[in-house]
Amino acid sequence: MSAGYGSGAGTGTPARVHVDSRDRLGECALWCDREQALYWTDIDSHRLFRRSHADGAITQWEMPEPLGSFNDGRCDPQGRFVFGMFNPHGAAAGGYYRASLAGVGIGRGLVVERLPLPPGIVGNSLNFSPDGGTLYYTDSPTRTIWAMDYHADGRLGERRVFVQLPLDGGEPDGAAVDADGGLWSAIWGDGVVLRFDAQGRETLRLALPASQPTCPVFGGPALDRLFVTTARRQCDHEPLAGALFELDPHGHRGRAPYRFVTR
């Protein structure tokens, strides 16, 4: 358990606007190592974006409805998709789920199971340690990031407090995990990304010129850049709110994302 929030080293390195996309609710950033491209969504505008690293070309697709990741989600090392739900009415009624393909031949189909976790309001920060043995997640309004053992056969260990943020501060949103096991949390409302080591101690904080960061992800050919989506919703007075930012992670590197198993 950690109460180390606020103890990490600060940095004067400025955030750089990577794409001035002015997203109402930028989210779900994902680096594709095969395509060398960055994907992200604007949930409120029903759009999916892709930026090519090679030439900077941006492609966008209009969607028929809000596009998220069932609010937040990541694939586990076994290729199953783990995700959390969002309740717009503020009630702790959303669950955490895991989706996988099961069966053979024409009987093969998608199986979704609910994980044995307490219901939440805003499921977020779902990610895994580098060895896949630890699952992280939060229910954002609680300002608690939890950790638990995660087994290859799908079993979950008892959850434990990984980080407790101040109850009068910002909320943990999306999270990335670096190759050293550090967890990077976008703090909605505080305009910062915080890094916590594997013991939950804050080691670094990176400031953004936008108060509502949503989802960090490592990217670039060497996975040595940190990209962060932000939201413009209710922040039109902030000139750079809604932009996709690039940050220097101070020597830390990410890892290629796990992929959903389709075969």
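Let's start at Phe 245, which has its place in strand 20. The model is predicted, and in it Phe 245 is buried, with a relative accessible area of 0%. Leaving out neighbours within four places in sequence, the contacts of Phe 245 include Ala 15, Arg 16, Val 17 and His 18, and also Leu 208, Pro 209 and Ala 210. Leu 226, Phe 227, Val 228, Thr 230 and Leu 240 complete that list. For a sense of scale, Asp 131 is 114 residues from Phe 245 in sequence, and the two C-alpha atoms are 28 Å apart in space.

**The nonpolar core**

Strand 20 (244–247) also appears in the description of the largest nonpolar core. This core has 14 residues, and those that touch the most other members are Trp 184, Val 193, Leu 208, Leu 226 and Leu 247. Two or more residues come from each of strand 17, strand 19 (225–230) and strand 20. In general, nonpolar side chains tend to be buried together in soluble globular proteins.

Val 193 is a handy residue to click on here. Not counting residues up to four places away in sequence, Val 193 touches Trp 184, Ser 185 and Ala 186, then Leu 204, Arg 205, Leu 206 and Leu 208, and finally Leu 226, Val 228 and Leu 247.

**Two open sheets**

Which strands form the sheet that has the order 14-15-16-17? Strands 14, 15, 16 and 17 make up this open sheet, and their pairing is antiparallel. At the edges stand strand 14 (171–177) and strand 17 (202–207); each has a single partner strand, so one side of each is left without a neighbour in the sheet. On average, neighbouring strands are turned by 25° against each other, direction ignored.

Another open sheet of four strands follows the order 10-11-12-13, again with antiparallel pairing. Here strand 10 and strand 13 are the edge strands, each pairing on one side only. The twist from one strand to the next averages 25°.

One strand pair from each sheet is set out below, with a residue pair that bridges it.

| Strand pair | Sense | Bridges | One bridged residue pair |
|---|---|---|---|
| Strand 15 (183–188) and strand 16 (192–196) | antiparallel | five | Ser 185 and Leu 194 |
| Strand 10 (123–128) and strand 11 (134–139) | antiparallel | four | Phe 128 and Leu 135 |

**Aromatic rings**

Phe 128 brings us to the aromatic side chains. Searching the whole structure gives nine aromatic pairs. Why is the pair of Phe 128 and Tyr 150 edge-to-face? The ring centres are 4.9 Å apart and the planes stand at 70°, so the pair counts as edge-to-face, the cut-off for that class being over 60 degrees. This pair links distant parts of the chain: Phe 128 lies in strand 10, while Tyr 150 is in the loop between strand 12 (144–149) and strand 13 (160–164), 22 residues apart.

Are these two residues buried or exposed? Phe 128 has a relative accessible area of 1% and Tyr 150 has 5%. Buried means under 20%, so Phe 128 is buried, and so is Tyr 150.

Two further aromatic features are worth a look. Phe 70, Phe 81, Phe 83 and Tyr 97 form one aromatic cluster. Arg 159, meanwhile, lies over the face of Trp 146, at 3.5 Å from the ring centre.

Methods: Residues are numbered from 1 along each chain as its sequence is written. This is a predicted model: local features need pLDDT of at least 70, side-chain atom pairs count only at pLDDT 80 or more; totals for chains, interfaces and linings use all residues. Side-chain values use heavy atoms; hydrogens and water are left out. Rings of Phe, Tyr and Trp (its six-membered ring) pair if their centres lie within 6.5 Å; planes under 30 degrees apart count as stacked, over 60 as edge-to-face and the rest as tilted. Buried means under 20% relative accessible area, exposed over 50%, partly exposed in between (1.4 Å probe, protein chains only). A charge sits over a ring if NZ of Lys or CZ of Arg is within 6 Å of the ring centre and within 35 degrees of the ring normal. Two strands pair if DSSP finds at least two bridges between them. Axes are lines fitted to C-alpha atoms, for helices over the stretch in contact, and angles run from 0 to 180 degrees between N-to-C directions. A nonpolar core is a set of buried Ala, Val, Leu, Ile, Met, Phe, Trp, Tyr and Cys residues joined through side-chain atoms within 4.5 Å. Contact means heavy atoms within 4.5 Å.
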